[in-house]
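Thanks for asking me to look this one over. My notes follow as numbered points, to be read alongside the structure.

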Amino acid sequence: MADASADGPDEKRSASGTIRILLAEDVALLRGALAGLLDLEPDLEVVAELGSGDAIVRAALRLQPDVAVLDVDLPGMDGVTAAAELHQRLPECRVLILTGLGRPGDLRRALDAHAHGFVLKDVPPAELAAAIRRVAAGEQVVDPQLALVALRQPESPLTPREAQVLRLAAEGADVDDIALVLGLTVGTVRNYLASCITKLNARNRIDAVRIAGDFGWV
């Protein structure tokens, strides 16, 4: 398994038909277990194991994986945001999102970000391997139970920018930090947060984060 942090010449895709996988999961024990199980498959090769979302695009551009298997919740850049950026910068790399919570809002965000698959982390290893093969072959793979629940959930009332601001607030960033990260004024950030609270019928910012999180909107 290649180390994405190592310097060196760009890796090339395997000519043998092996599916090259970039794996991003912040829990080290789970990441190692997944990588080990996938590497047991004769046609799958994990070429990068990452614990942070910020390293995904850089590693993918260098290693040129066929499939990026990304945890939906990652420190730094989350898996859905990384999927959207990969679609823009490396569209030939297909994305399979892993989730532990199965929130329907996450599924909608993943599909909007052009992810090609969305499955639960607790699927049997054989099913995960099969999902990776199907995604690599150009299919769309979505857990059917999650898809059914998502169809029954209301659409998010938040604009993309409001969701982004509230997501940063959910991660513990204060107003000044959010303004700095997004290049906005403090007053604009406060207005976005106030709009989120109003649209979600929340009591305050913390309640807005809770409500949006329950629906998977952030």
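1. Let me begin with strand E2, which is mostly covered, since 5 of its 7 residues are buried. Please keep in mind throughout that this is a predicted model. In the strand pairing, Ile19 sits opposite Leu44 of E2. The chain gets from E1 to E2 by way of H1, and this β-α-β crossover is right-handed.

2. Staying with that pair of strands, E1 and E2 run parallel and are joined over 6 bridges. Further along, Leu23 stands opposite Glu49 in E2. Glu49 also gives a handy distance to check on your screen: its C-alpha is 9.3 Å from that of Ala28, although 21 residues separate the two in sequence.

3. Now for the sheet as a whole. It is an open one with 6 strands, in the order E2-E1-E3-E4-E5-E6, and the pairing is parallel. The edges are taken by E2 and by strand E6 (141–142); each has a single partner strand, so one side of each is left without a neighbour in the sheet. As a general reminder, strands of a sheet pair through backbone hydrogen bonds, either parallel or antiparallel.

4. How many residues of strand E3 (residues 67–71) are buried? The count is 5 of the 5, so E3 is largely enclosed by the rest of the structure. Val67, Val69 and Asp71 point one way from the strand, while Ala68 and Leu70 point the other way, and all are buried. That fits the general rule that in a regular strand the side chains alternate between the two faces of the sheet.

5. E3 has pairing partners that are worth tracing one by one. With E1 it pairs in the parallel sense over 4 bridges, and there Leu70 of E3 is the bridge partner of Ala24. With strand E4 (residues 94–99) it is joined by 5 bridges, again running parallel, and Asp71 has Leu98 of E4 as its bridge partner. E3, helix H3 (residues 79–89) and E4 together make a right-handed β-α-β unit.

6. Helix H1 is a good place to check the geometry. Its 12 residues, at 1.5 Å a residue, should span 16 Å, and the end C-alpha atoms are 16 Å apart, which agrees. Arg31, Leu34, Ala35 and Leu38 are the residues to look at here, as they are buried in H1. Viewed down the helix axis, the buried residues of H1 fall within an arc of 100°, so they line one face of the helix. Their cover includes E1, strand E2 (44–50), E4 and helix H5 (125–136).

7. Ala28 also lies in helix H1. Is this residue buried, partly exposed or exposed? With a relative accessible area of 48%, Ala28 is partly exposed, because exposed is reserved for values over 50%.

8. My favourite residue to zoom in on is Glu25, placed in the loop between strand E1 (19–24) and helix H1 (28–39). Its relative accessibility is 0%, so Glu25 counts as buried, the cut-off being under 20%. What does the Glu25 side chain reach at 2.8 Å? That is the backbone nitrogen of Val27. A polar contact of 2.9 Å also links the Glu25 side chain to the side chain of Lys121.

9. The wider surroundings of Glu25 tie several of the points above together. Beyond its neighbours within four places in sequence, Glu25 is in contact with Leu30, Arg31, Leu50, Gly51, Asp71, Leu74 and Lys121. Among these contacts is Asp71, one of the buried residues of E3. Another is Arg31, one of the buried residues of H1.

10. Further along the chain, please look at helix H7 (residues 160–170). The buried residues there are Glu162, Ala163, Val165, Leu166, Arg167, Leu168 and Ala169. Gly172 follows H7, and its phi is positive, near 105°.

11. Finally, the overall figures. The protein has 10 helices and 6 strands, and 46% of its 218 residues count as buried. Taking contacts between residues at least 6 apart in sequence, 66% join residues at least 24 apart.

Definitions and conventions. Residues are numbered from 1 along each chain as its sequence is written. This is a predicted model: local features need pLDDT of at least 70, side-chain atom pairs count only at pLDDT 80 or more; totals for chains, interfaces and linings use all residues. Side-chain values use heavy atoms; hydrogens and water are left out. Helices (H or I, at least four residues) and strands (E, at least two) are DSSP runs, numbered from the N terminus. Buried means under 20% relative accessible area, exposed over 50%, partly exposed in between (1.4 Å probe, protein chains only). A polar contact is a pair of N or O atoms within 3.5 Å; within protein, one must be able to donate a hydrogen and the other to accept it, and residues adjacent in sequence count only if both atoms are side-chain atoms. Contact means heavy atoms within 4.5 Å. Two strands pair if DSSP finds at least two bridges between them. A crossover is right-handed if, with the strands pointing away from the viewer, the path from the first strand over the helix to the second runs clockwise. The expected span of a helix is 1.5 Å times one less than its number of residues. The arc is that of the directions from the helix axis to the C-beta atoms.
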